[in-house]
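I opened the model to look up a few residues and helix pairs. My entries follow in the order I made them.

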Amino acid sequence: MGNEWIPPGIDNTKPHSARMYDYVLGGKDNYAVDREHADRMIQIVPDFPRLARANRAFMHRVVTLMAESGIKQFIDFGTGIPTSPNAHEVAREVVPDARVVYVDNDPIVSVYSGALLAASDKVTNILADIRSIDQLLTDPNLTRLIDFDEPVGALFIAVLHLVPYDDAKHIVAACRDRMAPGSMLAISQPSSEGDPDVVAKVRAANARSPIFAEIRSGEEIRATFGDLELLDPGVVELSQWRPHMESPRTDLVVLGGVAGKSS
């Protein structure tokens with residue numbers, strides 16, 4: 001996106017994770033400040049664009065698994081700028097009438113999601129911060145489509161590292177408590193299990209960045225699931241999660257996993 005149009009409410013003077021993600025995926029809905037910040041990260045982690053694509057592919061596999069398991073409704077927390085195929089498109093390959101709620105705190109995501117989803121009455125987007133999870137889960141725009149008495153698929157794909165750890169645990173716990181048995185919850189996050197020098201550089205860059213982000217240990221990421229039951233193969237590097245995909249190890253490792261609620 002060029003500077004010729006700035007939607008109302010958009011601050012193009014500060015980078016935003018959703019627009020950076022759009023940029024590294026090859027999208028055009030971003031600003032110079034997003035590209036500059038992303039390019040600085042790419043200097044530290046040259047695999048950043050490939051990790052973004054791997055994260056997207058992980059989401060596709062997760063949603064397919066959930067839909068094939070009988071889940072018909074999904075909440076995508078921190079959805080980012082629409083990049084086809086989106087969660088509702090993937091889910092509807094299996095469940096044609098799947099209901100999906102997208103949540104993001106960037107107004108530009110709301111602008112583009114609203115235009116994209118206008119034709120469907122079973123898909124919507126909510127402009128909200130996931131740190132306000134207790135309010136979000138009772139938002140009429142969400143409960144219009146999501147029935148918590150039925151299994152739900154909750155997606156936290158590359159978003160929980162953007163909030164403090166205690167917030168991340170509370171967010172997941174709030175969802176876990178609301179979800180019916182048979183529900184599933186997916187998480188992916190960058191971890192400290194990669195090259196120590198690169199991890200240290202990323203942490204230093206994050207400390208200077210206007211975007212809050214934390215690199216957490218694999219143990220911390222696993223603990224975020226709480227008492228939900230992790231599905232095999234557990235919390236692993238993204239390319240190793242259903243199916244195993246041949247992929248060279250990257251300097252920064254992103255872990256992902258899915259857990260279910262049985263009772």
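With which side chain does the side chain of Ser 188 make a polar contact? I found that the partner is the side chain of Asn 55, at 2.7 Å. I take a polar contact as a pair of N or O atoms within 3.5 Å; within protein, one must be able to donate a hydrogen and the other to accept it, and residues adjacent in sequence count only if both atoms are side-chain atoms.

Notes on the source. This is a predicted model, where local features need pLDDT of at least 70 and side-chain atom pairs count only at pLDDT 80 or more, while totals for chains, interfaces and linings use all residues. Residues are numbered from 1 along each chain as its sequence is written, and side-chain values use heavy atoms, with hydrogens and water left out.

Entry: Ser 188. I located Ser 188 in strand β5 (residues 184–191). Helices (H or I, at least four residues) and strands (E, at least two) are DSSP runs, numbered from the N terminus. Ser 188 counts as buried because its relative accessibility is 0%. The cut-offs are under 20% relative accessible area for buried, over 50% for exposed, and partly exposed in between (1.4 Å probe, protein chains only). I then listed its contacts, meaning heavy atoms within 4.5 Å. Leaving aside neighbours within four places in sequence, Ser 188 is in contact with residues including Asn 55, Phe 58, Ala 158, Leu 238 and Gly 256.

Entry: Ala 158. I looked up Ala 158 next, as one of the contacts of Ser 188. Ala 158 lies in the loop between β4 (153–157) and α8 (165–178). Its phi is positive, about 50 degrees, although Ala 158 is not a glycine. At 25% relative accessibility, Ala 158 counts as partly exposed.

Entry: Arg 216. Is Arg 216 buried or exposed? I noted it as buried, because its relative accessibility is 2%. Arg 216 lies in the loop between α9 (196–208) and α10 (218–224). Its side chain makes a polar contact with the side chain of Glu 214 (2.7 Å). A polar atom of the Arg 216 side chain also lies 2.4 Å from the backbone oxygen of Val 163. Leaving aside neighbours within four places in sequence, I found Arg 216 in contact with eleven-odd names that I do not copy in full; among them are Leu 160, His 161, Tyr 165, Gln 189 and Ile 221.Entry: helix α1 and its neighbours. The axes of α1 (residues 17–24) and α2 (residues 32–44) come within 9 Å and cross at roughly 70 degrees. Axes are lines fitted to C-alpha atoms, for helices over the stretch in contact, and angles run from 0 to 180 degrees between N-to-C directions. I therefore put α1 and α2 down as roughly perpendicular to each other. Angles under 35 degrees count as roughly parallel, over 145 as roughly antiparallel, 65 to 115 as roughly perpendicular and the rest as oblique. Residues of α1 including Arg 19 and Tyr 23 meet residues of α2, among them Asp 34, His 37 and Met 41.

I repeated the lookup for α1 and α3, whose axes come within 9 Å and cross at roughly 100 degrees. This pair is therefore also roughly perpendicular. Met 20, Tyr 21 and Val 24 in α1 meet Phe 48, Pro 49, Ala 52, Asn 55 and Arg 56 in α3.

Entry: Leu 25. Leu 25 sits in the loop between α1 and α2. I noted Leu 25 as partly exposed, because its relative accessible area is 24%. Apart from neighbours within four places in sequence, Leu 25 is in contact with Ala 52, Arg 53 and Thr 83.

Entry: nonpolar cores. Which helix gives the most to the largest nonpolar core? A nonpolar core is a set of buried Ala, Val, Leu, Ile, Met, Phe, Trp, Tyr and Cys residues joined through side-chain atoms within 4.5 Å. The largest one has 42 residues, and Val 62, Val 63, Met 66, Phe 74, Leu 155 and Val 258 touch the most other members. Helix α3 (residues 48–68) gives the most, with nine residues. A second, separate core of 35 residues includes Leu 142, Val 152, Ala 168 and Val 235. From the first core I followed up Leu 155. Not counting residues up to four places away in sequence, Leu 155 touches residues including Val 62, Met 66, Phe 77 and Ala 186.

Entry: Pro 233. I recorded a cis peptide bond between Asp 232 and Pro 233, with omega about 5 degrees. Pro 233 lies in the loop between β6 (229–230) and β7 (236–237).
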